[in-house]
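The following exercises are intended for a reader who meets this structure for the first time. Please examine the sequence and the three-dimensional view before turning to the solutions.

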Amino acid sequence: MKTTQSYINGKWTQGQGESQPIFDAATGEHFTNINIDGLDIPEALAFGRKHNKNLSQMTFQERGLMLKKLAYYLQKKRKDLYEVSYKTGATKRDSWFDIDGGIGNLFANASLRKLFPNSPYDVEGDPIDLSRGGRFMAHHILVPKEGVAVHINAFNFPVWGMLEKCAVNWMAGVPAVVLPAPQSAYLTEAAVKYIIASGILPEGALQLISGTAKNILDSVLSQDIVTFTGSASTGKQLKNHPQLIKESVPFTMEADSLNASILGQDAKPGTPEFDLFIKEIRNEMTVKCGQKCTAIRRIIVPEDLLEDVQIALGQALNKVTIGNPREKDVRMGCLVDKKQLENVKSQVKKITKTADMVYGDFESMELLNADYDKGAFIKPIVLRENEPFKNEAVHITEAFGPVSTLMPYKSLDEAVELSKKGKGSLVSSIFTNDDKIASAYTIQAASHHGRILAINRESAKQSTGHGSPLPNLVHGGPGRAGGGEEMGGKRGIKHFMQRCAIQGSPTTLTEITGIYQPKSAYKATKKHPFAYHWEDIEPGMSLETHKRTLTDTDIINFGNLTWDHFYAHTDITSLEGSIFEKRTAHGYFIISAAAGLFVYPNKGPVAANYGLENIRFLRPLYHNDTIYVRLTCKQKVDREHKGKELPSGIVKWYVEVFDAEENDPEEQLVAIATILTMVQKRQDVFPEINKTNLEQKLNQLESNSKPKWGMMTAQHMVEHLEYGLKIAKGDIQNFDIGTPEEHLDKVQETLYNYEKMPKNYKMPLMKENELEDLRHDNLAIAIKAFLKTYDEFHHFFKDNPEVTTKNAVFGMLNYFEWKLLNRKHFYHHFDQFDLI
């Protein structure tokens with residue numbers, strides 16, 4: 001019998017001794033075992049810490065791209081994971097939430113790299129002046145913790161539960177040790193096997209312990225972080241573990257909670273909101289067979305609508321098909337195992353001491369292609385508590401399955417009070433088309449819920465639903481829900497990092513943060529800052545411009561050009577009682593004039609103006625005032641290559657505008673702004689092509705030169721390049737484009753990056769597994785013909801600059817794009833024959 005394995009210390013292993021049998025939730029088949037006895041848990045944690053730097057020394061951009069690559073990889077494995085997921089009792093739709101939802105978390109967290117600097121650490125907030133004059137200051141940085149993230153997960157989401165946490169700690173630069181619940185650890189194992197096989201993560205980034213390691217917390221240290229998802233009672237026990245307290249280890253608990261959904265008093269039967277409410281409750285009761293920490297457990301409705309809701313919900317649940325989750329017509333599968341079934345029954349009995357069971361029972365049922373006695377099947381159960389303020393069981397007892405309880409309220413204040421009686425939940429929702437009701441409920445109830453969803457007919461079509469945590473929002477809640485937060489976009493990543501206040505001079509803090517701090521020392525440059533490529537620019541690199549006097553005519557002309565006729569610029573008779581003394585220059589004219597002073601006119605690496613932020617005018621400037629500008633590199637932000645653009649990054653420039661005639665140094669600064677430019681990256685992968693270096697390279701070839709890969713001879717290679725140039729200049733166009741039209745744009749975009757062509761790639765117009773017939777008598781003649789065609793190629797496009805010609809792979813290309821292709825293509829074959 002197969003045993004579900006663990007992955008620790010860089011290898012797959014399994015425990016020794018007596019195993020726990022695991023059964024298919026729907027069929028009862030015994031198909032695997034769980035055993036982690038004998039695994040060295042302390043050593044696994046030590047292994048993760050030892051390899052921490054593999055992640056922590058990567059930049060945020062590298063980590064984000066790693067997650068993106070992993071997400072794309074796992075997308076191709078979804079169908080295989082679905083097959084395993086059926087064994088947990090999950091339908092295909094349930095598996096979509098778990099598997100695709102987990103992959104979606106990777107994508108979402110990968111995109112957060114754009115919010116972080118191009119470094120392994122983050123700089124938080126604004127600088128703080130600790131002295132008069134700004135010569136002693138402070139800032140905050142966040143660095144990756146040097147431990148491991150220990151994730152203790154529940155059984156209901158074996159893939160999502162792992163990936164939603166790991167995506168966050170990986171982005172922070174911290175490795176993970178994952179402990180899935182035994183009941184469904186085999187599905188987590190299947191996902192981890194694909195992850196490890198991909199080779200995308202660095203060593204130590206992910207370890208898996210497939211079972212309950214009761215001693216896991218005995219070995220945690222102060223640099224580790226622990227997260228727990230599961231029952232509130234278990235979470236509280238773990239939270240008080242002596243080692244956590246001794247080492248002050250951060251512990252985040254996300255516990256099952258008695259989430260409430262409220263029907264607004266305006267949402268009468270027949271309104272869209274009423275129908276949406278019924279539909280959402282049915283979904284939350286039946287998705288994952290109700291085994292969701294965010295499921296609706298308490299249904300709070302106006303007392304005069306209680307019967308209507310009960311009837312409508314019963315009718316909706318009647319349409320739910322229950323059975324083998326592998327069947328496409330099955331809407332609800334089963335609980336994870338028989339033990340969970342007994343647990344749900346036990347909890348329902350506690351609630352029904354005061355509440356009535358108004359829908360469903362625990363009797364056998366008609367199933368689609370399933371045996372009731374073999375699987376962990378249960379009907380949806382609706383309870384009704386008529387006195388929810390008197391009877392507490394419904395507010396403190398959770399049946400973790402397809403079970404919800406109806407209860408009435410008389411006023412919105414009562415609805416709020418009932419929602420709070422759950423003593424803290426992950427999520428609440430309200431269905432109303434009255435925004436005043438939505439607002440009143442949200443503000444009054446927010447203290448007791450981690451998330452509140454307000455649904456009406458306008459938002460419903462695009463709503464993600466009551467029970468869907470999103471990676472860019474906080475997932476957690478107060479009180480019973482655990483008192484912690486997971487995910488939450490950038491703030492979730494920060495949970496796995498150490499915040500440190502740093503103090504020093506502006507110049508020192510500039511070096512530490514990689515962000516220019518005002519009043520830091522300037523860095524002199526040999527040429528204009530705009531003449532440097534992105535890699536060569538450094539924070540603090542600065543330029544002081546010449547001066548310009550703002551004339552009365554300048555101000556009037558700017559007003560006429562922009563139609564900005566604010567009185568301070570146009571009507572000097574109206575200045576009495578204002579802060580202005582004379583005709584005042586427009587603020588945006590000052591910034592425009594500043595740009596005119598610092599912009600480099602020649603074509604260079606600066607590709608475009610990317611934006612303007614943090615602009616501020618400190619005092620007015622008047623006609624005949626003279627200004628100059630200090631332009632300083634503030635920060636560099638990496639940017640992925642996309643579209644038909646040459647690779648570039650963003651540079652933030654700190655612009656200071658000074659009054660040249662002001663004698664008081666403290667009063668000279670009149671305006672500041674941060675201007676963003678897109679700056680091309682230095683291309684040092686491919687040597688630039690010209691006829692001279694082509695001749696030099698080709699003259700190194702001999703007729704017997706051997707390639708490093710492929711079957712071409714030296715002469716075949718030269719004739720192949722000549723053939724490509726003949727295609728480019730239109731001599732050969734009698735072929736079809738092989739790339740489907742819908743993919744052409746993406747394929748053409750690859751011409752603009754600095755990535756090498758793959759080895760052994762076969763051009764579509766070449767013969768399959770055999771050499772082309774040679775066209776020239778020998779290599780020397782072939783080289784001469786190639787160089788002649790190279791000249792003709794340039795002359796052709798100089799005579800026909802607007803022409804595009806066809807390429808079999810890249811479609812229609814212009815002159816610039818052909819040059820990009822030639823640069824890559826020539827390098828590829830010169831490297832093939834060791835000419836680089």
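The exercises below concern a predicted model, and each task is followed by a worked solution.

**Exercise 1. The chain as a whole**

Task: Describe the make-up of the protein chain, its box along the principal axes and its share of buried residues.

Solution.
- Step 1. The protein chain contains 25 helices and 29 strands.
- Step 2. Along the principal axes, its C-alpha atoms fill a box of roughly 90 × 90 × 60 Å.
- Step 3. Of the 836 residues in the protein chain, 54% are buried.
- Step 4. Among contacts with a separation of 6 or more, 76% are between residues 24 or more positions apart.

**Exercise 2. Two annotated spans**

Task: State where UniProt places the two domain features, and give the helix and strand content of each span.

Solution.
- Step 1. The UniProt record, an unreviewed entry, places "domain: Aldehyde dehydrogenase" at residues 12-498.
- Step 2. That span, residues 12-498, is 35% helix and 19% strand, and its end C-alpha atoms lie 32 Å apart.
- Step 3. The feature "domain: MaoC-like" is placed by UniProt, again from an unreviewed entry, at residues 539-641.
- Step 4. Residues 539-641 are 26% helix and 28% strand, with 22 Å between the end C-alpha atoms.

**Exercise 3. Classifying aromatic pairs**

Task: Classify the pair Y72 and F107 and the pair F530 and W653, and locate the partners in the chain.

Solution.
- Step 1. A pair of aromatic rings is described by the distance of the centres and the angle of the planes.
- Step 2. The structure holds 25 aromatic pairs. For Y72 and F107, the ring centres are 4.9 Å apart and the planes stand at 80°; planes over 60 degrees apart count as edge-to-face, so this pair is edge-to-face.
- Step 3. Y72 belongs to helix 3 (residues 60-75) and F107 to helix 5 (residues 92-111), so the pair ties together parts that are 35 residues apart in sequence.
- Step 4. Both partners are partly exposed: Y72 has a relative accessible area of 44%, and F107 has one of 24%.
- Step 5. F530 and W653 form a tilted pair, with 5.2 Å from centre to centre and 55° between the planes.
- Step 6. F530 lies in the loop between helix 17 (506-513) and strand 22 (542-544), whereas W653 lies in strand 26 (residues 648-659); the two are 123 residues apart, and the pair links distant parts of the chain.
- Step 7. F530 and W653 are both buried.

**Exercise 4. Strand 26 and its partners**

Task: Is strand 26 largely enclosed or open, and which strands pair with strand 26?

Solution.
- Step 1. In strand 26, 12 of the 12 residues are buried, so the strand is largely enclosed by the rest of the structure.
- Step 2. In a regular strand the side chains alternate between the two faces of the sheet.
- Step 3. In strand 26, S648, I650, K652, Y654, E656 and F658 point one way, while G649, V651, W653, V655, V657 and D659 point the other way; all are buried.
- Step 4. Strand 25 (residues 626-637) pairs with strand 26 in the antiparallel sense over 10 bridges. Here W653 is the bridge partner of C633.
- Step 5. Strand 27 (residues 669-680) also pairs with strand 26 in the antiparallel sense, over 11 bridges. In this pairing K652 stands opposite L676, and I650 stands opposite M678.
- Step 6. Strand 27 is mostly covered, with 10 of its 12 residues buried. Strand 24 (residues 606-617) runs antiparallel to strand 27 and is joined to it by 8 bridges; the bridge partner of A608 is M678.

**Exercise 5. Charges over rings and one polar residue**

Task: Over which rings do the charged ends of K292 and K819 sit, and is Q347 buried or exposed?

Solution.
- Step 1. The charged end of K292 sits over the ring of F97, 5.6 Å from its centre.
- Step 2. For K819, the charged end sits over the ring of Y815, 4.4 Å from its centre. Y815 also belongs to one aromatic cluster with F793, F796 and F797.
- Step 3. Q347, in helix 12 (residues 338-351), has a relative accessible area of 15%; buried means under 20%, so Q347 is buried.
- Step 4. The side chains of Q347 and K350 are joined by a polar contact of 3.0 Å.
- Step 5. Leaving aside neighbours within four places in sequence, Q347 is in contact with T397, E398 and A399.

Terms used:
Residues are numbered from 1 along each chain as its sequence is written. This is a predicted model: local features need pLDDT of at least 70, side-chain atom pairs count only at pLDDT 80 or more; totals for chains, interfaces and linings use all residues. Side-chain values use heavy atoms; hydrogens and water are left out. UniProt positions are given in the numbering used here, feature names are shortened, and annotations may be inferred rather than shown by experiment. Helices (H or I, at least four residues) and strands (E, at least two) are DSSP runs, numbered from the N terminus. Rings of Phe, Tyr and Trp (its six-membered ring) pair if their centres lie within 6.5 Å; planes under 30 degrees apart count as stacked, over 60 as edge-to-face and the rest as tilted. Buried means under 20% relative accessible area, exposed over 50%, partly exposed in between (1.4 Å probe, protein chains only). A charge sits over a ring if NZ of Lys or CZ of Arg is within 6 Å of the ring centre and within 35 degrees of the ring normal. A polar contact is a pair of N or O atoms within 3.5 Å; within protein, one must be able to donate a hydrogen and the other to accept it, and residues adjacent in sequence count only if both atoms are side-chain atoms. Contact means heavy atoms within 4.5 Å. Two strands pair if DSSP finds at least two bridges between them.
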